[in-house]
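Subject: A structure for you to explore

Hi there,

Here is the structure I promised to pass on to you. Have it open beside this message as you read, and turn it around as often as you like.

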Amino acid sequence: MGYVLIGGFILLIVIGLPIAIAIGLASLLGLGLFTDVPLALASQRMLAGLRSFPLLAIPLFVLAGAIMNAGGITRRLVDFAFALVGPMKGGLSAVNVVTNMIFGGISGSAVADAGSVGRVLIPQMKNRGYSPGYAASVTATASTIALVIPPSITLILYGVTAEVSISDLFFHGLYIGLGFGLVYVITGWLIARARNYPSEPRMNGRQALGALGKALPSLSIPVVVLGGIRIGVFTATEGAAVAVLIALILAGLVYRELTVAKIKEVFRETLMLVAAIMMIIAMAQIYSWALVAGNIPQSIASTILEITANPYLILLLTNILLLAVGAVMEGNAAIIIFTPILLPVVTAAGIDPVHFGLIVVINLAIGLLTPPVGISLLITTKIADISMEKSIRDVIPWLGTALGLLMVVSYAPLILGLY
């Protein structure tokens, strides 16, 4: 049954079917051929999988990000980042990273970050002498921080799938995401020195305070949402609703840039993205059900543990697998499909499920930069008006940095004996 589920899914993807359809067809084929389960139950499993209160956070955070972009919040965050890090060598690289970190701390979506921040900063970077490939690469890499830093939609999905605390995932994801941002700023600075990219003019005190004052209301969104979740005032889902409310107040009443026409576009963008995500989640519920019915996760876990029970080797094998998966599969689908398979293996080896969740998400974040899919890189190269192939040389240093950070996150807790 495993060959049908996994091999059938890969074959359907190769011939060009959408991921959601490929997942559903492979699941139904496996269930129909190898089990006596009535296929009529499949629709019930789809609906049951979507009846999850934490999943409501996904459309709400997507909506908050869309409101931010339409209501002028993104532009003010960019101005604040200019005041903060613009005077550095290659200052627009640092501005790009910092803006993506802040924006990702509200939208929770790397795709939203890549599109929104890219449309603002990539043309500016090209005009200031940065190569189009570099502008696309730094924007795509910085956007992936949104998968790690709260309120990451991918972390929420992992928490629901693995049944672990989303609050704990957010807490650890916050400092890891901030660490990634710092390392990426340093990486951009080093590349800028080597290529002699320009610094940005330093703002005077009045200009810097003005940029901070305009951005301060926007900066309150991640502080209120993440702080409220962490201290237990509200859940992640309730925090998403708070984010939408604050974004609406800022965009509509404070900045007064959210018109009726923009509201229509905000809901259109949100509905399109959320529909795609939820279709994948619904179909993946059938896939997970088929995996369990075929006893596949337990079989894979026992097979790997017969080869080695060493947690270091198991994490290495897991990282290799997830890097390959992330290069060809959409992240949300990968979370739902591979978490039930791999979680029994790593927990049997003594690896903490929260730690493993962060490893999974970082692997999938790297997949957003790697062909043939590399959706973040695909978006930013289109904005930069170049082919993805022409950005490969520029993205390699960023991939190397990301892989180094992945190794640190994977092995540091084991080496330090943190659990």
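Let's begin with Asn319, which is buried because its relative accessible area is 1%, and the cut-off for buried is under 20%. Please keep in mind that this is a predicted model. Asn319 is part of helix 15, which covers residues 311-328. Setting aside residues up to four places away in sequence, Asn319 touches Ile359, Asn363, Leu406, Met407 and Ser410. You can also pick out Ile263, 56 residues from Asn319 along the chain: the C-alpha atoms of these two are separated by 41 Å.

Next, have a look at helix 16, residues 331-348, where you will find Phe338. Is Phe338 buried or exposed? Its relative accessible area is 16%, so Phe338 is buried, given that the limit is under 20%. Apart from neighbours within four places in sequence, Phe338 is in contact with Leu321, Val325 and Met329. The C-alpha atoms of Phe338 and Ile280 are 14 Å from each other, with their positions 58 residues apart along the chain.

Thr339 is found in helix 16 too. With a relative accessibility of 2%, Thr339 counts as buried. Which residues does Thr339 touch, if those up to four places away in sequence are not counted? They are Tyr158, Thr161, Ala162, Ala334 and Pro344.

Now for two pairs of helices. Helix 4 (residues 57-70) packs with helix 12 (residues 236-254) at an angle of about 20 degrees, and their axes are 8 Å apart. Angles under 35 degrees count as roughly parallel, so helix 4 and helix 12 are roughly parallel to each other. The crossing of helix 4 past helix 12 is left-handed. On the side of helix 4, the contact is made by Ala57, Leu60, Phe61, Leu63, Ala64 and Ile67. Helix 12 brings Ala236, Thr237, Gly239, Ala240, Ala241, Ala243, Val244, Ala247, Leu248 and Ala251 to the contact. Sorted by class, the contact of helix 4 with helix 12 has 14 nonpolar residues, two polar ones and no charged ones. A general point may help you when you read such lists: an α-helix has 3.6 residues a turn, so residues three or four places apart point the same way.

The other pair is helix 8 (residues 132-143) and helix 19 (residues 392-416), whose axes come within 8 Å and cross at roughly 30 degrees. Helix 8 and helix 19 are therefore roughly parallel to each other, by the same limit of under 35 degrees. Helix 8 passes helix 19 in a right-handed crossing. From helix 8, Gly133, Tyr134, Ser137, Val138 and Thr141 meet Asp394, Val395 and Trp398 of helix 19. The residues in this contact of helix 8 with helix 19 are four nonpolar, three polar and one charged.

Finally, please visit helix 6, residues 91-107. How far should its 17 residues span at 1.5 Å a residue? The expected value is 24 Å, and the end C-alpha atoms of helix 6 are 24 Å apart, which agrees. Helix 6 is mostly covered, as 17 of its 17 residues are buried. After helix 6 comes Gly108, which has a positive phi, near 75 degrees.

Enjoy looking around, and write back with any questions.

Best wishes

Key:
Residues are numbered from 1 along each chain as its sequence is written. This is a predicted model: local features need pLDDT of at least 70, side-chain atom pairs count only at pLDDT 80 or more; totals for chains, interfaces and linings use all residues. Side-chain values use heavy atoms; hydrogens and water are left out. Helices (H or I, at least four residues) and strands (E, at least two) are DSSP runs, numbered from the N terminus. Buried means under 20% relative accessible area, exposed over 50%, partly exposed in between (1.4 Å probe, protein chains only). Contact means heavy atoms within 4.5 Å. Axes are lines fitted to C-alpha atoms, for helices over the stretch in contact, and angles run from 0 to 180 degrees between N-to-C directions. Angles under 35 degrees count as roughly parallel, over 145 as roughly antiparallel, 65 to 115 as roughly perpendicular and the rest as oblique. A crossing is left-handed if the near helix is turned anticlockwise from the far one by less than a right angle, and right-handed if clockwise. Ala, Val, Leu, Ile, Met, Phe, Trp, Tyr, Cys and Pro count as nonpolar, Asp, Glu, Lys and Arg as charged, and the others, Gly among them, as polar. The expected span of a helix is 1.5 Å times one less than its number of residues.
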